[in-house]
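Open the model in your viewer and keep the selection panel at hand. The tour moves from one selection to the next and says what is there.

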Amino acid sequence: MPQRRSKRVAAGNNKGGVGKSGWVANVAAALAEEGCRVLVVDVDPQANVSRRMGRPYRKEKPLVTTAEVIKSGEVGAAADAIVPCGWDGIYAQRIDIIPSRFDLENRISEAAVIGSRGRLARALQGVDDDYDFTLFDCQPSLGHLTQLALAAARWGVALVEPEYDGVDGAVRFRDFIASEINRTEMGNPDLAFAAAIPSMVDGRLAGHAHHLKTLPGIFGEDRVWEPIPRRSIVKDAADEALPLADLGSRSNEMRDVYKIAAQRMIKEFA
Ligand SMILES: Nc1ncnc2c1ncn2[C@@H]1O[C@H](COP(=O)(O)OP(=O)(O)OP(=O)(O)O)[C@@H](O)[C@H]1O
Ligand SMILES: [Mg+2]
């Protein structure tokens with residue numbers, strides 16, 4: 001892919017457990033399979049995506065994490081924290097990660113410090129230019145840590161579990177980004193909400209079918225992307241901290257789903 005400056009995309013929802021981290025990990029893999037170089041930035045103290053992509057925090061062998069990057073906030077500081085993801089093969093070559101750990105919680109108390117919201121954006125300045133995509137995995141909150149990611153991102157995408165609270169949380173995420181006051185406060189006027197991505201969709205549930213139908217009216221026809229179904233293989237890959245491809249042919253259906261998502265990313269963010 002010829003483009004140089006990384007397309008920065010933050011995955012969020014003001015509701016937990018809707019598939020944000022699952023999407024980041026699997027779409028990063030699919031983007032790598034499309035030939036892209038991807039930087040994953042874990043901005044959640046739960047550090048789920050770090051562990052699932054093979055970079056858990058180990059006391060005996062500590063990594064530099066998002067917590068230290070944000071604490072520093074110096075221009076370019078993020079470079080010190082970048083490691084290849086822990087998966088093998090092309091994934092190790094094409095996907096890097098800035099891992100997280102529980103200590104990231106401690107950055108929240110710095111929210112009142114002047115300029116603190118721009119620390120991650122500053123730390124990434126000049127650091128991710130060689131990637132095609134930078135994906136931020138946000139925690140299920142619109143608080144300081146998510147604002148650090150949104151101050152650095154160009155686009156926000158919401159993972160939307162098609163249930164009342166999942167849709168509601170995605171609307172709050174969308175509206176937070178849509179607010180000019182918020183974007184100005186975050187020093188990021190160009191930030192835009194790009195997509196509502198139905199996630200963990202269970203075809204057997206009438207409630208899911210109902211909420212799926214409401215999404216175009218809420219977010220706009222063009223902003224609702226292809227749905228990500230709920231399949232146990234996604235959980236299995238996450239539990240084993242492996243890419244879907246390592247689970248053999250039974251992962252083909254979901255690999256195709258994430259391939260479509262990756263191709264949509266490449267098209268939309270060209
Ligand atoms: N498409 C899917 N099908 C089945 N299980 C999934 C899918 N996507 C994610 N999961 C699993 O569902 C659970 C919640 O997903 P995930 O951790 O990705 O959500 P999250 O929105 O990042 O949660 P949090 O708000 O806590 O960060 C996890 O066990 C994950 O492995
Ligand atoms: Mg998560």
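How many disulfides does the structure hold? Zero, in this predicted model. To check, select Cys 36, which is in no disulfide: the nearest cysteine sulfur belongs to Cys 85 and is 14 Å away. A disulfide requires the two sulfur atoms to lie within 2.5 Å, so a pair at that spacing does not count. Now select Cys 85, also in no disulfide, with the sulfur of Cys 36 as its nearest cysteine sulfur. Cys 36 counts as buried because its relative accessibility is 0%. Cys 85 has a relative accessibility of 3%, so Cys 85 counts as buried too.

Next, select strand E1, residues 7–12. Six of its six residues are buried. In a regular strand, side chains alternate between the two faces of the sheet. Colour Lys 7, Val 9 and Ala 11 for one side of E1, then Arg 8, Ala 10 and Gly 12 for the other. Both faces are covered, and every one of these residues is buried.

Keep E1 shown and add its partners. Strand E5, residues 133–138, runs parallel to E1 and is joined to E1 by five bridges. Within this pairing, Ala 10 stands opposite Phe 136 of E5. Then add strand E6, residues 155–160, which pairs with E1 over four bridges, again in the parallel sense. Here Ala 11 of E1 is opposite Val 157 of E6.

Now turn to the pockets. The largest pocket has a volume of about 500 Å³. Its lining is made up of 27 residues; to centre the view, select Val 18, Gly 19, Gly 22, Arg 52 and Met 200, which lie nearest the pocket's centre. Which helices each supply at least two residues of this lining? Select H1 (20–33), H2 (48–52), H10 (232–240) and H11 (252–268) to see them. Colouring the lining of the largest pocket by residue class gives 12 nonpolar, nine polar and six charged residues.

The last stop is the second largest pocket, with about 180 Å³ of space. Select Gly 54, Arg 55, Pro 56, Arg 58, Lys 61, Pro 62 and Leu 63 to show its lining. How does the lining of the second largest pocket divide into nonpolar, polar and charged residues? Three are nonpolar, one is polar and three are charged. Pro 56, Pro 62 and Leu 63 belong to the nonpolar class, and Arg 55, Arg 58 and Lys 61 to the charged class. Gly 54 counts as polar.

Definitions and conventions
Residues are numbered from 1 along each chain as its sequence is written. Chains are lettered from A and ligands numbered from 1 in the order in which they are written. This is a predicted model: local features need pLDDT of at least 70, side-chain atom pairs count only at pLDDT 80 or more; totals for chains, interfaces and linings use all residues. Side-chain values use heavy atoms; hydrogens and water are left out. On a 1 Å grid over the protein atoms alone, a cavity is a set of points where a 1.4 Å probe fits but cannot get out, and a pocket is an open set with protein on both sides within 12 Å along at least five of seven lines; lining residues have an atom within 4 Å of a point. Grid points are joined across faces, edges and corners, and a volume is the space filled by probe spheres set on the points. Buried means under 20% relative accessible area, exposed over 50%, partly exposed in between (1.4 Å probe, protein chains only). Two strands pair if DSSP finds at least two bridges between them.
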